[in-house]
Every structure is written in structure tokens, then in C-alpha cells.
Amino acid sequence: MMTSTSTKATFLAALLANNKSQNRVQAQDVFPEDCLMGFVGLDFDYFDFEKYPTYFDDESFITLAQAGTYTGPAAMEEYVRFVSDSSPYFDVVEAGPMETKLKGIDGDVCIFSLSAIGRYTSSDYLVDEGSAVDVASHSKIFYNAFENYIEKIHVYYEVGYLDYLFDYQLDNSNLYEFLCKTMESPCGLDIYDGGNIKKLCEKRKKKKLCEKKKLKKRKKNKLCEKKLKKLPTFNDGSYVDGDSFGCRALHGVFAATNPSLHCAHIAFEPFPDTNGKTKCSVTEGVVPDDLFDTDDINQFKTFCEVNGIDPSEGYTVLSKKGAKDV
């Protein structure tokens with residue numbers, strides 16, 4: 001989970017402290033000092049959304065292997081907001097320790113690695129409302145020093161945390177209700193099988209009652225929630241970009257604020273969105289090893305160990321409140 005780099009002094013100190021041996025980085029078209037000075041001057045902050053048009057161009061993208069790729073400043077912002085305090089899932093998001101290194105240079109592009117810890121306090125949409133969890137993440141940031149913008153970002157979390165978030169924290173009645181309400185309004189999707197409602201009414205011989213909006217709405221929502229519960233949390237192990245509950249929990253946040261684009265993604269029968277893309281249908285199956293090498297993973301695991309997080313899980317629960325019924 002990305003964490004804010006809003007504490008500029010901390011970020012700058014971490015960057016400089018971990019890049020004293022600049023001669024170990026083989027420069028081609030730019031030098032290490034160009035990378036460091038340019039990137040610090042860009043003043044990059046994951047949560048400074050107003051500056052996204054400055055940080056990125058229309059072809060920039062962010063990728064989490066298990067969740068997909070988001071291209072352009074607006075889409076990238078939506079994705080990052082999912083893990084910010086503007087998300088309905090978290091009441092408070094606080095930045096913790098971070099470690100930034102200049103990993104290498106490829107032509108005009110400086111490759112930075114950023115390991116960070118964020119503290120996330122659950123909202124009432126999560127099963128453990130009020131719980132605080134420290135989450136470790138690793139980002140590989142590709143900064144174009146010549147044109148002064150970020151071309152792409154690769155993000156990594158341990159599968160253990162993805163399991164905890166999507167298969168435990170998000171698995172509760174409050175979230176099912178939120179998703180079904182979003183599907184119905186503002187999305188205007190068919191959240192139920194109308195035929196099933198009709199048969200149920202005929203079977204119980206209460207046609208008049210079934211015509212009443214409140215009863216019909218209650219039945220519709222219950223059928224919607226049952227459908228969500230029947231969906232797998234993940235596809236192919238830990239992916240939330242296919243036909244799954246996890247994908248709808250992710251895109252449901254986007255659909256609530258940008259229905260014209262994302263409602264297509266959370267439908268039970270996904271269809272192409274306004275950009276012609278169909279999501280929450282078939283996982284792309286991006287392999288984390290294609291985005292991160294052994295050095296990246298080792299840096300991340302060492303960072304976790306130094307900061308008291310089990311590197312095989314990628315998170316630590318600091319305080320846990322009473323769980324809701326699911």
C-alpha cells in the first residue's frame with residue numbers, strides 16, 4: 001500500500017542517505033546527481049493529487065500486478081485514493097518509515113526504489129472498524145530526468161496483506177450493502193434477477209406486497225448481496241482484476257465517484273466502459289516477478305524486518321476492535 005511522502009524533510013533525508021555511493025550507479029545520458037536533484041525538485045508526493053498533472057503525463061501508468069494497470073493522471077489518482085484517507089475504507093492514513101534508493105539509470109530514466117510503511121485505521125466499512133494496521137509496500141519509480149516527469153510506477157505488496165484486506169477486512173455486510181447501493185445508484189445496474197423476485201412473490205402469494213417499493217428493494221438488495229458472497233474473493237490465487245468480489249470492492253470505490261466510467265466494471269455481467277475496456281471479467285495475470293527483480297524483493301524484506309514487520313506477511317495489526325457479523 002502506497003504511503004504519503006508528504007514529510008518532505010524525511011523523504012529528502014532518506015533519499016540522500018541511501019545514495020551516498022553514487023559512483024556505483026552506471027549513468028548513460030544522465031548522471032546520478034541529475035536524478036537526485038531532479039526527483040527531489042519534482043517534490044513527488046503520492047497523496048498530493050493536485051500535482052498529478054505535473055508528476056505524470058497522459059501515458060504514465062501505475063501497476064499493481066494483482067489489481068491491474070491504471071493509465072494517465074486521473075486514473076492513477078483514482079487508484080491511489082483507494083488507499084488514502086479519502087477512501088471510504090480508511091478513516092486515517094499516516095505515513096511511517098521509508099527508504100528511498102537510486103537503483104539505476106536507463107538512458108534518460110532514473111529508476112528509484114521506495115520502501116515505505118503506512119498506518120491504516122479501518123472505517124466502518126471494514127470488519128474491524130477502528131483497527132490500526134501497519135502495511136509495508138515497495139514501489140519502483142521510473143523518473144524521466146530529461147523531461148522531468150514520472151513515466152511509470154510498479155507497486156508491490158505481500159500476498160499476505162492482500163488476503164487480510166480483501167478476504168478478511170472487506171468481507172462484511174456493510175461493504176456488501178455499499179456495493180449493492182452503488183450498483184443501483186448512481187450506476188443504475190440490474191442488481192438482481194427480476195425473474196427470481198417474480199417467482200418468489202408468486203410462490204408466497206403476496207403479489208400486492210411485492211408491488212410495494214420498500215419490499216421489492218429489500219428483496220433486490222438481499223439477492224445482490226447473496227450474489228456478491230458467491231463470488232470468489234480472488235482469481236488465480238491473489239488477483240483482484242478478474243470476475244471476483246475483490247475486483248468489485250476495488251472498483252466500487254471508483255464507481256461511487258466516477259460512475260460514467262466505472263459502473264461497467266462492477267456489474268455482475270461486466271461490459272465495456274466508455275474507454276472500450278472491460279474489467280472485473282478476466283484477470284490479466286501479471287506476474288510480480290516481471291515487475292520486480294530479486295534485489296527489489298530483498299530490499300523490501302530487509303526493510304520489513306528492520307521495522308518489525310514479518311516480511312512473509314507484509315503487515316502488522318497494532319490494535320484490533322470487535323469484528324462485525326458477515
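**Helix packing, strands and odd backbone spots**

Q: Which residues in H6 meet H10?
A: Leu175, Tyr176, Phe178, Leu179, Thr182 and Met183 in H6 meet Phe245, Arg248, Ala249, Gly252, Val253, Ala255 and Ala256 in H10. Contact here means heavy atoms within 4.5 Å. Helices are DSSP runs of H or I, at least four residues, and strands are runs of E, at least two, numbered from the N terminus.

Q: What am I looking at, basically?
A: A predicted model, where local features need pLDDT of at least 70, side-chain atom pairs count only at pLDDT 80 or more, and totals for chains, interfaces and linings use all residues. Residues are numbered from 1 along each chain as its sequence is written, and side-chain values use heavy atoms, leaving out hydrogens and water.

Q: Back to the helices. At what angle do H6 and H10 pack?
A: About 55°, for H6 (residues 173-184) against H10 (residues 245-257). Their axes are 10 Å apart.

Q: What does that angle make H6 relative to H10?
A: That makes H6 oblique to H10. Oblique is what remains after under 35 degrees (roughly parallel), over 145 (roughly antiparallel) and 65 to 115 (roughly perpendicular).

Q: New topic. Where is Leu64?
A: Leu64 sits in strand S1, residues 61-64.

Q: Buried or exposed?
A: Leu64 counts as buried because its relative accessibility is 4%. Buried means under 20% relative accessible area, exposed over 50%, partly exposed in between (1.4 Å probe, protein chains only).

Q: What does Leu64 touch?
A: Tyr79, Val155, Tyr156 and Tyr157, not counting residues up to four places away in sequence. Leu64 and Tyr156 are 92 residues apart in sequence. In space they are 6.3 Å apart, C-alpha to C-alpha.

Q: And where is His154?
A: His154 lies in strand S6, residues 149-156. At 7% relative accessibility, His154 counts as buried. Beyond its neighbours within four places in sequence, its contacts include Phe61, Thr63, His138 and Phe292.

Q: Now the backbone. Which residues does a cis peptide bond join?
A: Ser185 and Pro186, with omega about 20°. Pro186 is in the loop between H6 and helix H7 (194-204). Most residues other than glycine have a negative phi, and most peptide bonds are trans.

Q: What about the phi of Asn148?
A: Near 60°, a positive value in a residue other than glycine. Asn148 is in the loop between strand S5 (132-144) and S6. At 37% relative accessibility, Asn148 counts as partly exposed.

Q: What is the phi of Asp236?
A: Positive, about 55°, although Asp236 is not a glycine. Asp236 lies in the loop between helix H9 (213-230) and H10. Its relative accessibility is 63%, so Asp236 counts as exposed.

How values were computed:
Axes fitted to C-alpha atoms, helices over the stretch in contact; angles between N-to-C directions.
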